[in-house]
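Hi everyone, thanks for coming. I'd like to walk you through one structure today, so please have it open in front of you.

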Amino acid sequence: MLSRYRAALIQAGRSIGTIQQRIGDVERWAAFHRDILAATTAELVAYVGNPDWSAEYRKKITASFRSFYRWAHSTGLIETNPAAELPSVTVPRRPALPASPETVVLTAFESGTLHERTMLLLAATMGLRRTEIASLHPADRRERVIRVHGKNSTVRELTLDKLTYELLIQVEAEQGRDSYYFPGRFGGHVHPATVYKWLKPHLGPEWTLHSCRRRAATVGYRATKNVYAVQQFLGHSSVETTQIYVDVGAEDIAAVAAAASLVSARSTRHVAGLRPEERDDIDDKGEFLADLASLTSRARIYGLELTIR
């Protein structure tokens, strides 16, 4: 039965990791329950509600039960789906996990080989997972755009930054474009565990390739303030997952209130009965003249003369 279920998951295009999760959850359930096809909703709820399990783990098991029993019902193995009424599991929002510091990334970059440096940039700059790094192929690159094969057979296209692009070109010049960027010893590409093994000594005991991926997410968000762009960049299916990767500082939150403030409208302080805002420290005229001088100089570079009337 599980072999048939596995085949159905493969046919549905589920990733290897998802398939292993689903099969493993059902196998553990089968070891606990003598006849999983006769299980009731109450039994499923009691099993999933194990107080010793984290909310994340219970959420994964719930998803596996829904998938398995939906398949069992659609294939006629059971008349009713006991998982259809399983309650959703709410995972409390947790603070963002720490990202690799800039000094750690730069030190690792300086000490690595060409291939190790390229792997590091793909994680710390382009935000790729180690499985995505391992399977990257020159055929996936078109000029500065790289096609990344992510989880659940999803594909996203990313524009490479200049440094990562140039290192990939170096790798191609060294070994050609017919093999993977990081070929395996016996054909194909390296195992994702090998990517970790190569870079871990350069990152030290505290940091990992995934914390480098979080570095790309955090730096990217702080520069753009666009969490939805970061979500697409990382290949996440939901913004909730992206929020775990992005370290939003107090200054970012304060900037929201500053941007939304009505203080920019001159009349608001008057309506509120407040005195005009003191601006003794700001030379409006001086700022204006400096901006005007800069604009005039830039215009002359292009052979333009500005006339103010």
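Let's begin at a single histidine, His-115, which sits in helix α6. Keep in mind throughout that this is a predicted model. Is His-115 buried or exposed? His-115 counts as buried because its relative accessible area is 16%, and the cut-off for buried is under 20%. Its side chain has a polar partner: the side chain of Gln-175, at 3.1 Å. Leaving aside residues up to four places away in sequence, His-115 touches Val-171, Glu-174, Gln-175, Tyr-181, Phe-182 and Trp-198.

Now let's look at the helix around that histidine. Why can we call α6 largely enclosed by the rest of the structure? Because ten of its eleven residues are buried. Among them are Leu-114, Glu-116, Thr-118, Met-119 and Leu-122, along with our His-115. And what do the buried residues of α6 pack against? They pack against α5, α7, α8, α9 and α10.

That brings us to the nonpolar core. The largest one has 31 residues, and Leu-128, Ile-133 and Leu-203 have the most contacts inside it. At least two residues each come from α5 (102–111), α6 (114–124), α7 (130–134), β2, α8 (162–175), α9 (192–203) and α10. Which of these gives the largest share? That is α6, with seven residues. If you'd like one residue to click on here, try Ile-133: beyond its neighbours up to four places away in sequence, Ile-133 touches Met-119, Leu-122, Ala-123, Leu-128, Phe-182, Val-195 and Leu-209. There is also a second, separate core, of 22 residues, and it includes Leu-9, Ile-36, Ala-39 and Tyr-69.

Ala-39 gives us a handy link to another histidine. His-33 touches Ala-39 and Glu-43, again not counting residues up to four places away in sequence. His-33 lies in the loop between α2 (16–32) and α3 (41–48), and at 13% relative accessibility it counts as buried. What does its side chain reach? There is the backbone oxygen of Asp-35, at 3.0 Å, and there is a polar contact with the side chain of Glu-43, at 3.1 Å.

On to the charged pairs. How many salt bridges does the structure hold? Eight, and I'll show you a few of them. Asp-25 pairs with Arg-28, with the closest N and O atoms 2.8 Å apart. The two are three residues apart in helix α2, so about one helical turn separates them. Asp-25 is buried, at 2% relative accessibility, whereas Arg-28 is partly exposed, at 41%.

Next come Glu-157 and Arg-147, whose side chains meet in a salt bridge at 3.6 Å, N to O. This pair links distant parts of the chain: Glu-157 is in strand β3 (residues 155–159) and Arg-147 is in strand β2, ten residues apart. Glu-157 is partly exposed at 47%, and Arg-147 is partly exposed at 28%.

A further salt bridge joins the side chains of Glu-172 and Arg-177, at 2.9 Å, N to O. Glu-172 is buried at 8% relative accessibility, while Arg-177 is partly exposed at 38%. And one for the network fans: Arg-129, Glu-132 and Arg-156 are joined into one network by salt bridges that share partners.

Two backbone oddities, if you're colouring by phi. Glu-143 has a positive phi of about 55°, although it is not a glycine. You'll find Glu-143 in the loop between β1 (141–142) and β2 (145–149), and it counts as exposed at 56% relative accessibility. Lys-225 also has a positive phi, near 60°. Lys-225 is in the loop between α10 (209–224) and α11 (227–234), and it counts as partly exposed at 42%.

Let's move to the surface. Ile-301, Tyr-302 and Leu-304 make a nonpolar patch of about 400 Å². Leu-304 belongs to the segment after α15 (284–301), and it is partly exposed, with a relative accessible area of 47%.

Finally, let's zoom out to the whole chain. It has 15 helices and three strands, and of its 309 residues, 33% count as buried. Its accessible surface comes to about 19400 Å², with 55% of that belonging to carbon and sulfur atoms. Of the contacts with a separation of 6 or more, 59% are between residues 24 or more positions apart. Thanks for listening!

Note on methods: Residues numbered from 1 in each chain as written. Predicted model: local features only at pLDDT ≥ 70, side-chain atom pairs only at ≥ 80, totals over all residues. Heavy atoms only, no water. Helix = DSSP H or I, 4+ residues; strand = E, 2+ residues; numbered from the N terminus. Buried < 20%, exposed > 50% of the residue type's maximum accessible area, 1.4 Å probe, protein only. Core = buried A, V, L, I, M, F, W, Y, C linked by side-chain atoms within 4.5 Å. Contact = heavy atoms within 4.5 Å. Areas by Shrake-Rupley, 256 points an atom, 1.4 Å probe, with all protein chains shown as cover. Patch = residues over 30% accessible without salt bridge, like charges linked within 9 Å, V, L, I, M, F, W, Y side chains within 5 Å. Salt bridge = Lys/Arg side-chain N within 4 Å of Asp/Glu carboxyl O. Polar contact = N/O pair within 3.5 Å; in protein donor to acceptor, adjacent residues only side chain to side chain.
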